[in-house]
Amino acid sequence: MSQLGLPAFPPFVEIDQNPGPQWGKWLGRFERLMVAMGVSDPKRKRALLLHYAGPKVDEIFDTLQDVGQESDYDKAVAALNKYFSPKSNSLYETYIFRQAKQEANESIDHFVTRLRQLAQNCKFHNADREIMVQIIMNGSSPRLRRQALCKGEDLTLQQLFETGRSLEASEQQAHRRE
C-alpha cells in the first residue's frame with residue numbers, strides 16, 4: 001500500500017520504440033485494478049489513471065488536446081490511446097516475432113506462450129500457422145522439427161504442441177534413468 005492507501009501498481013514505462021501494444025496491456029491491467037477496487041466514478045478513475053501512469057505520462061497528457069473535463073475518463077483514455085497508438089508498428093512486431101528462438105531449457109509450453117504473446121501485435125491472418133512455423137524453424141528440438149516436417153500441411157498447432165510435450169516428457173524420463 002502507498003502513503004495514500006492505494007495499492008501498489010507499476011507506472012507505464014515505454015520499454016521500446018513501439019509503445020502502442022505496451023500501453024494497451026498496461027491500460028487493460030489498470031482497468032482491471034479499477035474493477036477490483038470498485039472504482040466507477042469517472043473523475044476518480046481519471047485521477048487514478050494519471051496518478052498510476054506516472055509522471056512521464058502525466059507530462060504527456062498535459063500537452064494533449066481534446067482531453068475533456070476532470071470528470072471525463074473516456075476522453076482522457078481516448079487522447080492517450082491516440083498518442084500511443086500511432087506508434088504501433090506491426091512490421092516491427094513481426095520482426096521481433098521472427099527473431100524468437102526457443103531458449104535452452106525453455107519448455108514447449110513456455111515457448112508457445114511467448115510466441116502467442118508476440119503474435120498478438122503482428123496482425124497475422126493465421127497466428128496459429130505462424131506460431132507453428134516459428135516452432136519448426138526456431139524450436140530447440142530437431143526430433144519435433146523432423147516429425148512436423150514429415151506430417152506436413154495436415155499438422156495443426158495443437159498436434160505439434162502435444163507432440164512437443166510428449167517428446168519433452170520422454171527426454172526427461174530418459175535422463176532420470178541415466
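## Salt bridges and a helix

E171 is partly exposed, with 36% of its relative accessible area open. This is a predicted model, so keep that in mind as you look around. R143, the partner of E171 in a salt bridge, is partly exposed too, at 35%. Their closest N and O atoms sit 3.1 Å apart. What does this pair link? It links distant parts of the chain: E171 belongs to helix α9 (residues 157–177) and R143 to helix α8 (residues 142–151), 28 residues apart.

That pair has company, since a search of the whole structure turns up 8 salt bridges. Here are three of them, including the one you just met.

| Salt bridge | N to O distance |
|---|---|
| E70 and K43 | 3.6 Å |
| R114 and E106 | 2.9 Å |
| E171 and R143 | 3.1 Å |

Take E70 and K43, whose side chains meet in a salt bridge. E70 lies in the loop between α3 (55–63) and α4 (73–84), while K43 is in helix α2 (residues 42–53), so the pair ties together parts 27 residues apart in sequence. Is E70 buried or exposed? E70 is exposed, with a relative accessible area of 56%, which puts it over the 50% cut-off. K43 counts as partly exposed, at 44%.

Now follow K43 into its helix, α2. With 12 residues at 1.5 Å a residue, α2 should span 16 Å, and its end C-alpha atoms are indeed 16 Å apart, so the two values agree. Which residues of α2 are buried? They are K45, R46, L48, L49, L50, Y52 and A53. An α-helix has 3.6 residues a turn, so residues three or four places apart point the same way. The buried residues of α2 pack against α1 (19–37), α3 and α4. Right after α2 comes G54, which has a positive phi, near 105°.

Last stop: E106, in the loop between α5 (90–99) and α6 (108–119). Unlike the exposed E70, E106 is buried, with a relative accessible area of 10%. Which side chains does the side chain of E106 touch through polar contacts? One is the side chain of H110, at 2.5 Å, and another is that of R114, at 2.9 Å. R114 is also the salt-bridge partner of E106. Setting aside neighbours within four places in sequence, E106 is in contact with K101, F111, R114 and E168.

Methods
Residues numbered from 1 in each chain as written. Predicted model: local features only at pLDDT ≥ 70, side-chain atom pairs only at ≥ 80, totals over all residues. Heavy atoms only, no water. Salt bridge = Lys/Arg side-chain N within 4 Å of Asp/Glu carboxyl O. Helix = DSSP H or I, 4+ residues; strand = E, 2+ residues; numbered from the N terminus. Buried < 20%, exposed > 50% of the residue type's maximum accessible area, 1.4 Å probe, protein only. Expected span 1.5 Å × (residues − 1). Contact = heavy atoms within 4.5 Å. Polar contact = N/O pair within 3.5 Å; in protein donor to acceptor, adjacent residues only side chain to side chain.
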